[in-house]
Amino acid sequence: MNLHLTTLSQPVYQQFVSLFGEQFKVDEPLAKYTSARVGGPAELLVVAKTTAELQQAAELAQTHHIPFVILGGGSNVLVADEGVRGLVIFNRTKEIRFRSSGVGVVCTADSGVNLSSLTRQCISKGLGGLEWAIGVPGTVGGAVVGNAGAHGSDMKENLIAATIWEPDKGVRVYAADELQFGYRDSALKREQGKLRPRRVVLSAEIRLRPEPAERLRARADGFTARRKETQPGGATVGSMFKNPENYYAGYLIEAAGLKGFRSGGAHISEKHANFFINDGSATAEDIRALVAEAWHVVREKFGVEMELEVELLGKWKFS
Ligand SMILES: Cc1cc2nc3c(=O)[nH]c(=O)nc-3n(C[C@H](O)[C@H](O)[C@H](O)COP(=O)(O)OP(=O)(O)OC[C@H]3O[C@@H](n4cnc5c(N)ncnc54)[C@H](O)[C@@H]3O)c2cc1C
C-alpha cells in the first residue's frame with residue numbers, strides 16, 4: 001500500500017496539500033466515516049466542502065491516474081480492513097436552494113447534504129415528497145447513486161435531474177430518466193467495480209409539492225415509528241442484501257436459522273435478519289464472513305442467490 005510514499009510524486013503530493021491544506025489527509029482511518037464503523041485507512045483522503053472542491057479533487061485524481069471513490073455518509077458501503085487504495089473524497093458539500101416552479105417547488109441540494117436533514121427542512125417549509133426519506137442515513141448523492149427508497153417510494157420518484165461530473169467530459173446535467181434507475185440501482189451504481197473512473201454527482205434537483213407541514217410531519221412520524229419497530233439500532237449498513245424477486249432477504253435469512261449468528265464482533269440481528277451489527281469490536285472481515293454464511297445457507301436451503309445491496313470498498317482477502 002502506501003501509494004503516497006511509493007508512486008505519488010512529491011509535486012503531486014504538494015498539489016493536494018496546496019489545494020486542500022488540512023482537508024487533505026494521508027493514511028486516514030475510514031471506520032469513523034462509515035455507519036458500520038469498520039474498515040482500514042484511505043491512502044489519501046480529501047474532505048470536499050463545496051461542489052467546486054468535489055470536482056477539483058476528482059479531476060486531480062484523474063489527471064494523475066489515482067483511483068478515487070466518493071464517500072458520502074458511508075451508510076451503504078463496507079470498507080475492507082486493509083483499507084482503500086488511492087483517494088477517498090469525503091463529501092461534505094452542503095448547499096440547499098429552493099425555487100418555485102410552475103407546478104410546485106424545486107430544491108437543488110448539493111450531493112453532500114444529509115438526506116434526512118433535508119427532508120426535515122422540507123417538512124418544516126410545508127414541502128412534501130421526501131417524507132419516505134426520513135431516517136434514511138447518508139447523503140443526497142449516495143441516495144441518487146443507489147436509488148435509495150423506503151415505504152413504497154424512492155429517489156427516482158423525486159429526482160428531476162442531477163448535475164454530474166464525468167471523467168474526460170466535464171460537467172453535465174442529466175435528466176432523471178437518463179440515470180436508468182432500478183430497485184436500489186442506477187446506471188451510476190452499475191459503474192462500480194468497472195475499470196473506468198466513476199461519475200461524480202455534484203448536486204440534485206428534487207421535485208416538491210406544497211402540503212400542510214402538520215400533515216407531512218404526521219406522515220414522517222409514522223414512518224419513523226415503523227422504522228423503530230422493525231429495525232435494530234447500532235452500527236450497521238442497513239439492509240445488507242437486496243430483496244430478491246418475490247422474497248424478502250430478511251425473511252430468507254431468518255428462515256435459514258441465522259438470526260443471532262455470530263462471527264467475531266459481529267452478528268446477524270435478532271430483530272431484522274437483513275441487518276448485520278457491529279457489536280463494537282467487529283472487523284470488516286467479521287461482517288463479510290456473515291455475508292458469506294447468509295448467502296451460502298440461503299442458496300443451499302432455498303436455491304436463491306441473493307445480491308448485495310451494499311458495496312464492498314477496498315482490498316478484500318478474496319479480491
Ligand atoms: C440504519 C440504516 C438504515 C437504512 N435504511 C435504508 C432505507 O430505508 N432505504 C435505503 O434505500 N437505504 C437505506 N440504508 C442504506 C443507505 O442509507 C442508503 O443507501 C444511502 O442512500 C447511502 O448514502 P451514503 O451517502 O451513505 O452513500 P455511501 O455509502 O457513502 O456511498 C454509497 C455508494 O455511492 C457512491 N457515492 C456516494 N456519493 C456519491 C456522489 N456524490 N457521486 C458519486 N458516487 C457517490 C459511493 O462511492 C458508493 O459507491 C440504510 C442504512 C442504514 C445504516
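These are my notebook entries on a predicted model of one protein.

**Entry 1. Domains**

I began with the overall division. I found domain 1 at 3–91, domain 2 at 96–230 and domain 3 at 249–313. I then looked at how domain 1 meets domain 2. Their centres, taken over C-alpha atoms, are 24 Å apart. Domain 1 gives 13 residues to the contact, and domain 2 gives 16.

Which elements give two or more residues to the side of domain 1 that touches domain 2? I noted α3 (51–63) and β3 (68–71). The largest share comes from α3, with five residues. I sorted this side of domain 1 by class as well. I got nine polar residues, four nonpolar ones and no charged ones.

**Entry 2. The four-stranded sheet**

Next I traced a sheet. It is open, has four strands and follows the order β1-β2-β5-β3. The pairing is mixed. I reminded myself that strands of a sheet pair through backbone hydrogen bonds, either parallel or antiparallel.

Which strands stand at the edges? They are β1 (24–29) and β3. Each has a single partner strand, so one side of each lacks a neighbour in the sheet. From one strand to the next, the twist averages 35 degrees.

I went through the pairs one by one:

- β1 and β2 run antiparallel and are joined by five bridges. P29 has P41 in β2 as its bridge partner. E28 is partnered by A42 in β2.
- β2 (residues 41–48) and β5 pair in the parallel sense, over six bridges. V46 has I89 in β5 as its bridge partner. L45 stands opposite V88 in β5.
- β3 and β5 run parallel, with four bridges between them. Here F68 stands opposite L87 in β5.

Then I checked burial. Why do I call β5 largely enclosed by the rest of the structure? Strand β5 covers residues 84–91, and six of its eight residues are buried, so the label follows. For β2, eight of eight residues are buried, and I wrote it down as mostly covered.

I also looked for a helix on this sheet. It was α3 that I found packed there, touching β2, β3 and β5. The direction of α3 makes about 165 degrees with that of β5.

**Entry 3. The three-stranded sheet**

I moved on to another open sheet. This one has three strands in the order β14-β15-β16, and its pairing is antiparallel. The edge strands, β14 (262–263) and β16 (276–278), each pair on one side only.

I looked up one pair here. β15 (residues 266–268) is joined to β16 by three bridges, and the two run antiparallel. A266 has N278 in β16 as its bridge partner.

What lies across β14, β15 and β16? It is helix α9 (residues 284–302), which runs at about 25 degrees to β15.

**Entry 4. The shell around the ligand**

Then I turned to the ligand. I counted 32 residues around it. The closest are G72, G138, G141, G142 and G238.

Which elements each supply at least two residues of the shell? They are β3, α5 (140–146), β9 (149–150) and β13. The largest share, five residues, belongs to α5. By domain, at least three residues of the shell come from each of domain 1 and domain 2. By class, I wrote down 17 polar, 13 nonpolar and two charged residues.

I noted that β3 turns up in several entries. It is an edge strand of the four-stranded sheet, it gives residues to the side of domain 1 that touches domain 2, and it supplies part of the shell around the ligand.

**Entry 5. One residue, L208**

Last, I picked a single residue. L208 lies in strand β13 (residues 200–210). Is L208 buried or partly exposed? It has 19 C-beta neighbours inside 10 Å, so it counts as partly exposed; buried would need 20 or more.

What does L208 touch, not counting residues up to four places away in sequence? I listed G104, V105, C107, C122, L127, G128 and G129.

I also took one distance from L208. V88 is 120 residues from L208 in sequence, and the two are 32 Å apart in space, C-alpha to C-alpha. I had already met V88 in β5, opposite L45.

Technical notes: Residues numbered from 1 in each chain as written. Predicted model: local features only at pLDDT ≥ 70, side-chain atom pairs only at ≥ 80, totals over all residues. Domains from an automatic or database assignment. Contact = placed C-beta atoms within 7 Å. Nonpolar A, V, L, I, M, F, W, Y, C, P; charged D, E, K, R; others polar. Buried ≥ 20, exposed ≤ 12 C-beta atoms within 10 Å, placed from the backbone. Near = placed C-beta within 6 Å. Pairing = 2+ DSSP bridges. Axes fitted to C-alpha atoms, helices over the stretch in contact; angles between N-to-C directions.
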